[in-house]
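Trainee: I keep meeting words like buried, exposed and core. Can you show me how such words are earned?

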Amino acid sequence: MTYTWSGVTIDCLDPERVARFWSALLGREPGPSQDGWIYLGERGDPQPRLVFQPVSEPAAGKVRIHLDVTVDDIEKAVAAVIKLGGRATGDRHQYDEGVVVVMADPEGHEFCLVQYYE
């Protein structure tokens with residue numbers, strides 16, 4: 001038995017809006033998708049697909065899993081996320097190996113921008 005990580009599915013009230021945000025942020029184009037869903041990437045891509053699944057109710061409570069996005073310049077990355085319609089949560093962590101800033105996409109899904117020090 002072989003297990004391969006193939007994707008991450010994100011529940012969304014507006015999959016098109018959230019997918020546009022992530023597509024612009026990560027430079028990933030939409031691939032073949034089910035009706036109403038949006039997939040960024042395709043099966044077999046070197047990176048796992050991001051799948052945006054329509055749901056009818058907003059999330060309740062904190063999601064216990066999130067994406068980490070590595071960047072070269074944390075301040076420019078924060079500004080780019082905000083320009084794309086995301087927001088800063090105000091949560092920032094400084095570690096010996098780098099800095100982590102917690103952000104949220106247009107529907108409030110949290111993710112981390114991470115800049116590692118060389």
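The talk below goes from the whole fold to single residues.

Mentor: Start with a caution. This is a predicted model. Now ask away.

Trainee: What is the secondary structure of the protein?

Mentor: It comes to two helices and eight strands. Along the sequence the pattern reads β-α-β-β-β-β-α-β-β-β.

Trainee: What makes the protein as compact as a globular protein of that length?

Mentor: Set two values side by side. The radius of gyration is 15 Å. The globule rule gives 13 Å for 118 residues. The two are close, so the protein counts as compact as a globular protein of that length. The C-alpha atoms fill a box of roughly 45 × 35 × 25 Å along the principal axes.

Trainee: How much of the protein is buried?

Mentor: Buried residues make up 34% of the 118 residues. The accessible surface comes to about 8000 Å², and 50% of that belongs to carbon and sulfur atoms.

Trainee: Why is Trp 22 called buried?

Mentor: The cut-off for buried is under 20% relative accessible area. Trp 22 has 2%, so Trp 22 is buried. Its place is in helix H1.

Trainee: Which residues does Trp 22 touch, not counting those up to four places away in sequence?

Mentor: They are Gly 27, Leu 40, Leu 50, Phe 52, Leu 67, Val 69, Asp 105 and Phe 111. Look at Leu 84 as well. Trp 22 and Leu 84 are 62 residues apart in sequence, and their C-alpha atoms are 8.9 Å apart.

Trainee: What makes Trp 22 stand out in the largest nonpolar core?

Mentor: Count contacts with other members. Of the 21 residues in this core, Trp 22, Phe 52, Met 103, Phe 111 and Leu 113 touch the most other members. Several elements give two or more residues to the core, including helix H1 (15-26), helix H2 (74-83), strand E4 (49-54) and strand E8 (110-116). There is a general tendency behind this: in soluble globular proteins, nonpolar side chains tend to be buried together.

Trainee: Leu 25 is also in helix H1. Why is Leu 25 called partly exposed?

Mentor: Buried ends at 20%, and exposed means over 50%. Leu 25 has a relative accessible area of 22%, which falls in between, so Leu 25 is partly exposed.

Trainee: What does Leu 25 contact, leaving aside neighbours within four places in sequence?

Mentor: Val 81, Leu 84 and Phe 111.

Trainee: Why does Arg 43 count as exposed?

Mentor: The bar is over 50%. Arg 43 has 71% relative accessibility, so Arg 43 is exposed. Arg 43 is found in the loop between E3 and E4. Its C-alpha atom is 9.2 Å from that of Pro 32, eleven residues apart along the chain.

Trainee: Gly 86 is found in a loop too, between H2 and strand E6 (87-95). Is Gly 86 buried or exposed?

Mentor: Use the cut-off again. Gly 86 has 10% relative accessibility, and buried means under 20%, so Gly 86 counts as buried.

Trainee: What does Gly 86 touch, not counting residues up to four places away in sequence?

Mentor: Phe 21, Val 81, Ala 104, Asp 105 and Pro 106. Gly 86 and Pro 106 are 20 residues apart along the chain, with C-alpha atoms separated by 4.9 Å.

Trainee: How many contacts join residues far along the sequence?

Mentor: Take contacts between residues at least 6 apart in sequence. Of these, 45% join residues at least 24 apart.

Trainee: Where do the charges sit on average?

Mentor: The protein has 11 positive and 19 negative charges, and their mean positions are 2 Å apart.

Note on methods
Residues numbered from 1 in each chain as written. Predicted model: local features only at pLDDT ≥ 70, side-chain atom pairs only at ≥ 80, totals over all residues. Heavy atoms only, no water. Core = buried A, V, L, I, M, F, W, Y, C linked by side-chain atoms within 4.5 Å. Buried < 20%, exposed > 50% of the residue type's maximum accessible area, 1.4 Å probe, protein only. Helix = DSSP H or I, 4+ residues; strand = E, 2+ residues; numbered from the N terminus. Contact = heavy atoms within 4.5 Å. Rg over C-alpha atoms; globule rule 2.2 N^0.38 Å. Areas by Shrake-Rupley, 256 points an atom, 1.4 Å probe, with all protein chains shown as cover. Lys, Arg positive; Asp, Glu negative; His and termini not counted. Charge placed at Lys NZ, Arg CZ, Asp CG, Glu CD.
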